[in-house]
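User: Could you walk me through reading this structure, one feature at a time? I would like the general idea each time, then the case at hand.

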Amino acid sequence: MSEATANLPQPPSPLREFWSYFRENRGAVIGMYVFMVFFIVALIAPLIAPYTPHEQFRDHLLQPPFWQEGGSTEFLLGTDPLGRDMLSRLLHGARFSFFIGVIVVSIASFFGVIIGVISGFAPKWMDTLIMRLMDIILSFPSLLLALVLVAILGPSLINAMIAIALVLQPHFVRLTRAAVISERTKDYVTAAKVAGAGRLRTMFVTVLPNCLAPIIVQAALSFSTAILDAAALGFLGMGAQPPTPEWGTMLAEAREFILRAWWVVTLPGICILVSVLAINLMGDGLRDALDPKLKRS
Amino acid sequence: MLSFLLRRLLTFVPTFFGVTVVSFLFIRLLPGDPILLLAGERGVGEERYAELIKQFGFDQPIWKQYLDYLWGVMQGDLGNSFVTKKPVVTEFFALFPATLELSICAIILAIVVGIPAGVIAAVNRGKFFDQALMTGALIGYSMPIFWWALLLIIVFSSGLGWTPVSGRISFLYFFDEATGFMLIDSLLSGQKGAFASAVSHLILPTIVLATIPLAVIARQTRSAMLEVLGEDYVRTAKAKGLSPLRVNGQHALRNALIPVVTVIGLLVGTLLAGAILTETIFSWPGIGKWMVDSIFRRDYQVVQGGLLLIASIIMIVNLTVDLLYGWINPKIRKG
C-alpha cells in the first residue's frame, strides 16, 4: 500500500457502520433496551421473583395490586384466582416467551436457510418442487395450521413451538432463495469457483454470508411472531398447559375473572404487548440499518 | 397477458393438489384410531367396527383412499361431520357468511382508517403526526388481539355497557336467514331495532379483527407514499402550483395504491387467522370458531374439510390478486 492511500480515511467497519445507522432510529434503540431488560429478566427470574410461580397462598385469592384498596406490598401485582403471586408468574413468564422465541427462530431459520440455499443452487425441477411445497404451507392461515399440527402432536409447549417453527420456516426459505439467486451470478462467486471452491463451500461459505441481512431482519420479526402465536395457542388451550406461567396460558386461565379482577387479565397482556413491540421496533431498526437500498449515501 | 395467466394457473394447480394431500394425510397422521374416536366412550362391536372400516374405506390401500377422496373433492363432497352427521360443505357454507360479514367490515374499517393515516404520516414525514401515527400502527401490529378483545369487553361491554359481549344479534329478534349477512337480513326483516342490534354486535369484533390489517395497511401506505413523493412527476405537479390535496391525493396516492392493493389482497390469510381468535372470544358463529370447536371435539372430518376449503379460499384470492397486479403492472407479467 502506498503512503498516499494509507493516509486516506478508512471506511468504517461494517459493525460500526451498522451501529451508526441503527442508532439514528430512536425507536429501535428503545426497543433494544427493552429487549435487553426482557432478556435479563428471563435469565434471572428465579433470583428476583419474590415467590415461586406455583406457590399458592390460600388466604390471598385474587388480591389486588398494592396500590389498590385491599392490596398489600406482600404481593406487589396482586394474586391470581389460585392465590399465586402475579409478579412471580409474570417474571417467570418472560423465561417461557424468550425461550419460545429463541427455539422457534433457531429451528425455523436453520432449516429455512439451508433449504433456501439449496433451492437457490438446485436444478430447476428441484427448485420448483421446493417452492411449491413452501406455497402449500403458506396457503394455510399460520395460526390454523399450527393449531391443527398441535392437535396431531398433542397440546404442549414443545409441540406448539415445533408447529410455529414449521409455519414460519417458508418465509426464511423464500428470502434466502431470493438473496442467493441475486448473489449467485456475481463475479466474486465465479472467482471463488475458478479458484477451486467446491459446491458446498460456494453455497455456505462464499454466498450465504452475503445474504444474511434480510435473514437477520426476518429472524427478529419471527421472534415476535413466535411469541404472539405461542401466546395465542396457549390462550386457545393448545400451547403451554396450566399451571405453566406462560403469558397466553395465564390469560386463558384468568378469562372468567375479567369482571372481578382486572389485573389477572391486563398484566399478562401488557407483558406480551411490550415484549413484542420492543422486538418489532428493533426489527424495524435492523431493517433500516441493514437494507442497502434504504441506506443514505 | 395470456401466457402470464397460463403460467400463474400452472403454479396454482400443483399447489392445490398439494393442499389436498396435506389435508388428506392429516386425518391419517392423527394418533389413535378414527373409528374408535368416532364411536366415543361406548365403543363398537367387532362386526360394526369392520363395517365402519369398510364404510370409510380404511381397508383400501392409501393411494386408493386418496384418489377416492380427491374424486369426492372434485364433486364437492368432503364427507360428513362425525358429530352432527351433516355434510361438511353444507356446514361450511352455512357459517361462512358470518365470517365473511365480519371480515368485510374489518377490512373496510382497516382501509378507511389505514390509508388516510398512512398518507398523513407520509406527508408529515418526521413530524409529530408521523411519529404518533406510526407508533400507533406498530402497537396495533404487535397487539395480541385475543387480549385486546378482552380489554375492549372490559371497557365497552361490562364497564360502559355499550355493546353486547357475544353472538351476532339479540335473542329478541328472530327471522329467516335470507342472505346469511345479519346486517342485510335484519334490515329485510323489517323488525324495529333488529338492525341496530346487529350493528352493536358487530362493532367490537370488527375493531379487534381490523387491528392488525389496519396497522399493516397504514405502514404500507406510508412507505409507498414516501417512495412516490420523491418521484419527478410529483415535483412537476407541485411546480405547476397544484394544491397539496391534489398533488398528494391525485398524483401521489393513485400510484402509491398499487402495492397497497396487493397487500390488502394478501391480508386474507391474516384475516382468517384473526377470525379464529376473534370468533372464539366473541362466540361469533363463523368458520373460525367452527374450526376451533371441531379441533377440540376431535371432529376430524370437519377439520380436514375446513382446512381444504379455507386454504382454497386463500389460494383463489391470492391468485386473483396476482392476476390483477399483473394486469395493472405490465412489468410483473414478464418476470
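User: Let's begin with the contact between the two chains. How many residues does each chain give to it?

Analyst: Contact here means heavy atoms within 4.5 Å. By that rule, 35 residues of chain A and 42 residues of chain B take part. Before we go on, a word on the ground rules: this is a predicted model, where local features need pLDDT of at least 70 and side-chain atom pairs count only at pLDDT 80 or more, while totals for chains, interfaces and linings use all residues. Residues are numbered from 1 along each chain as its sequence is written, chains are lettered from A and ligands numbered from 1 in the order in which they are written, and side-chain values use heavy atoms, with hydrogens and water left out.

User: What area do chain A and chain B bury between them?

Analyst: The size of an interface is often given as the accessible area lost when the parts come together. Buried area is that loss, taken with a 1.4 Å probe and summed over both parts. Here chain A and chain B bury about 3,600 Å², and 82% of it lies on carbon and sulfur atoms. On the chain A side, Phe140(A), Leu144(A) and Ile152(A) lose the most area to chain B, together 16% of what that side buries.

User: And what about charges: which side chains meet in a salt bridge between the chains?

Analyst: The rule asks for a side-chain nitrogen of Lys or Arg within 4 Å of a carboxyl oxygen of Asp or Glu. Between chain A and chain B the count is one, and its partners are Asp284(A) and Arg219(B), at 3.1 Å from N to O.

User: Which helices of chain A supply at least two residues each to the side that touches chain B?

Analyst: Helices are DSSP runs of H or I with at least four residues, strands are runs of E with at least two, and both are numbered from the N terminus. The helices you ask about are H5 (124–138), H6 (142–153), H10 (212–235) and H12 (262–290) of chain A. H12(A) gives the most, with twelve residues. Sorted by class, this side of chain A has 25 nonpolar, four polar and six charged residues. Nonpolar covers Ala, Val, Leu, Ile, Met, Phe, Trp, Tyr, Cys and Pro; charged covers Asp, Glu, Lys and Arg; the others, Gly among them, are polar.

User: How do I read a helix pair across the interface, say H6(A) and H13(B): at what angle do their axes cross?

Analyst: Axes are lines fitted to C-alpha atoms, for helices over the stretch in contact, and angles run from 0 to 180 degrees between N-to-C directions. Under 35 degrees counts as roughly parallel, over 145 as roughly antiparallel, 65 to 115 as roughly perpendicular and the rest as oblique. The axes of H6(A) and H13(B) (residues 287–297) come within 10 Å and cross at roughly 10°, so H6(A) is roughly parallel to H13(B). Leu144(A), Leu147(A), Val148(A) and Ala151(A) meet Met291(B), Val292(B) and Ile295(B) there. That contact has seven nonpolar, no polar and no charged residues.

User: Within chain A, how do H2(A) and H3(A) cross?

Analyst: The axes of H2(A) (residues 14–24) and H3(A) (residues 26–48) come within 5 Å and cross at roughly 100°, which means that H2(A) is roughly perpendicular to H3(A). Trp19(A), Phe22(A), Arg23(A) and Glu24(A) of H2(A) touch Arg26(A), Ala28(A), Val29(A) and Met32(A) of H3(A). By class this contact has five nonpolar, no polar and three charged residues.

User: Where is the cis peptide bond in chain A?

Analyst: Look between Pro242(A) and Pro243(A), where omega is about 5°. Pro243(A) sits in the loop between H10 and H11 (247–254) of chain A.

How values were computed. Buried area = accessible area lost by both parts, 1.4 Å probe.
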